[in-house]
Amino acid sequence: MSIKAKRFRAQPVSRLLDRPGGVGNIMRMATLIETAQRHLRQQVPPDVAEHLFVGGYREGTLTVITDRAAWLTWLRYEQPRLLKQLQQLQGFEAVLKLSLKVRPIRPTKIAPRQVRQLSPAGAEAISQCAAALDDSPLKRSLSRLASHAAPSKDE
């Protein structure tokens with residue numbers, strides 16, 4: 001009994017790009033979204049621009065995302081002007097409205113560093129173990145480890 005693997009013929013890239021729902025459509029949409037984001041950021045003050053992101057386009061609605069409600073309020077007042085500016089850009093004539101959303105960006109949490117202390121008694125035990133060994137990398141490592149002990153309160 002043998003298992004035969006199906007052999008797929010290599011397809012031309014043009015077929016993959018032109019297929020409905022294929023990679024080509026995704027690439028075109030990504031390019032349009034990036035163009036819209038760049039254009040909108042040029043139309044707003046620099047302090048607002050860094051908080052403005054284009055989330056997508058569907059059925060005449062361009063989704064604009066910001067990370068704070070204060071910027072969203074500002075964008076609501078500026079929405080007619082921004083929409084008019086965007087519609088003048090080639091390829092964006094079909095944009096009928098902007099959908100404004102707030103999506104706070106949460107900073108990544110950095111795990112607190114766990115600092116472990118070696119007690120003087122533990123250091124003494126490691127030093128005695130190292131002393132019992134012949135000169136070797138293990139002996140040097142144990143000696144170095146013992147040197148990291150917290151100083152005793154007597155000192």
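How far apart are the end C-alpha atoms of helix α5? The legends below start there. The model is predicted.

**View 1. Helix α5 has the span expected from its residue count.** Helix α5 covers residues 120-131. At 1.5 Å a residue, its twelve residues should span 16 Å. The end C-alpha atoms are 16 Å apart, which agrees.

**View 2. Helix α5 has a buried side and an exposed face turned away from it.** The buried residues of α5 are A123, I126 and A130. Seen down the helix axis, these buried residues fall within an arc of 65 degrees, so they line one face of α5. An α-helix has 3.6 residues a turn, so residues three or four places apart point the same way. A121, Q128 and A131 are exposed on the face turned away from the buried side. Helix α6 (137-146) is included in what covers the buried residues of α5.

**View 3. Strand β2 is largely enclosed by the rest of the structure.** The strand runs over residues 61-66. Six of its six residues are buried, so the rest of the structure largely encloses β2. T61, T63 and I65 point one way from the strand. L62, V64 and T66 point the other way.

**View 4. Strands β1 and β2 form a hairpin.** Strand β1 covers residues 52-58. Six bridges join β1 to β2, and the two run antiparallel. R58 stands opposite T61 in β2. Two residues lie between the strands of the hairpin. E59 takes a positive phi near 50 degrees here.

**View 5. Strands β2 and β3 run parallel.** Six bridges join β2 to β3, which covers residues 97-102. I65 has K101 in β3 as its bridge partner. Helix α4 (residues 69-87) completes the picture: β2, α4 and β3 make a right-handed β-α-β unit.

**View 6. The largest nonpolar core has 20 residues.** L40, L62, V64, L86 and L98 have the most contacts inside this core. The elements giving it two or more residues are α2 (23-43), α3 (46-49), β1, β2, α4 and β3. Helix α4 gives the largest share, six residues. Another core, of five residues, lies apart from this one. A123, I126, A130 and A146 are among its members.

**View 7. What is V64 in contact with, leaving aside its neighbours within four places in sequence?** The contacts of V64 are L40, L52, F53, L75, L98, S99, L100 and K101. V64 itself is buried in β2.

Key: Residues numbered from 1 in each chain as written. Predicted model: local features only at pLDDT ≥ 70, side-chain atom pairs only at ≥ 80, totals over all residues. Heavy atoms only, no water. Helix = DSSP H or I, 4+ residues; strand = E, 2+ residues; numbered from the N terminus. Expected span 1.5 Å × (residues − 1). Buried < 20%, exposed > 50% of the residue type's maximum accessible area, 1.4 Å probe, protein only. Arc of directions from axis to C-beta. Contact = heavy atoms within 4.5 Å. Pairing = 2+ DSSP bridges. Right-handed = clockwise from strand over helix to strand, strands pointing away. Core = buried A, V, L, I, M, F, W, Y, C linked by side-chain atoms within 4.5 Å.
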